[in-house]
Amino acid sequence: MKWGEITELHPDRFVLVEAIKAGSNNRVRQLEDIAVIQNYDNLQETWSGYKELHKLHPTRSYLYFIRAEAMLRL
């Protein structure tokens, strides 16, 4: 999934996502394929979900949370 798809599916929501495929170009990380793990109403719920998932799977990397609506401005 791409950022545009995420913002369409989850507007004005906080989402916890994982990079499925990523690369680097000139030391800038580029996320090529992203999976939505969960979406939330607020930042506190998102942060709690992130911490719980990180406890269960500490070796998984590229876990992020963003407000999907904010990505529309990029």
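Buried means under 20% relative accessible area, exposed over 50% and partly exposed in between, with a 1.4 Å probe and protein chains only. The model on screen is predicted: local features need pLDDT of at least 70, side-chain atom pairs count only at pLDDT 80 or more, and totals for chains, interfaces and linings use all residues. Residues are numbered from 1 along each chain as its sequence is written, and side-chain values use heavy atoms, with hydrogens and water left out.

**Whole chain**

Colour the protein chain by pLDDT, the predictor's confidence in each residue, from 0 to 100. The average is 80, and 81% of the residues score at least 70. Confidence is highest in α2, at 88, and lowest in helix α3 (residues 68–71), at a mean of 51. Where pLDDT is low, the predicted coordinates should not be read in detail.

Switch to a cartoon. Helices (H or I, at least four residues) and strands (E, at least two) are DSSP runs, numbered from the N terminus. The protein chain has three helices and three strands, in the order α-β-β-α-β-α along the sequence. Of its 74 residues, 27% are buried.

**Ile-6**

Select Ile-6, in helix α1 (residues 3–9). Is Ile-6 buried or exposed? Ile-6 counts as buried because its relative accessible area is 0%. Add Ala-35: the two residues are 29 apart in sequence, with 8.8 Å from C-alpha to C-alpha.

**The β1–β2 hairpin**

Select residues 14–25, which are β1, and residues 28–40, which are β2. Two strands pair if DSSP finds at least two bridges between them; β1 and β2 do this in the antiparallel sense over eleven bridges. One bridge joins Asn-25 to Val-28 in β2.

The hairpin has two residues between its strands. Zoom in on the loop. Most residues other than glycine have a negative phi, and most peptide bonds are trans. Asn-26, in the loop between β1 and β2, is not a glycine, yet has a positive phi of about 55°. Arg-27, in the loop between β1 and β2, is not a glycine either and has a positive phi of about 65°. Asn-26 is exposed because its relative accessibility is 70%, and Arg-27 is exposed because its relative accessible area is 86%.

**Helix α2**

Move to residues 43–56, which are α2. This helix has 14 residues and spans 20 Å from its first C-alpha to its last, close to the 20 Å expected at 1.5 Å a residue. The expected span is 1.5 Å times one less than the number of residues.

Which residues of α2 are buried? They are Thr-46, Gly-49, Tyr-50 and Leu-53. These residues lie on the same side of α2 because they cover an arc of only 100° around the axis, taken from the directions from the helix axis to the C-beta atoms. Rotate to the face turned away from the buried side to find the exposed residues Gln-44 and Lys-55.

At the N-terminal end of α2, show Asn-42 as the cap: one of its side-chain oxygens lies 3.1 Å from the backbone nitrogen of Gln-44.

**Nonpolar core**

Last, select Phe-14, Leu-16, Tyr-40, Tyr-50 and Leu-53, the five residues of the largest nonpolar core. β1 and α2 each supply at least two residues of this core. A nonpolar core is a set of buried Ala, Val, Leu, Ile, Met, Phe, Trp, Tyr and Cys residues joined through side-chain atoms within 4.5 Å.

Key:
Polar contact = N/O pair within 3.5 Å; in protein donor to acceptor, adjacent residues only side chain to side chain.
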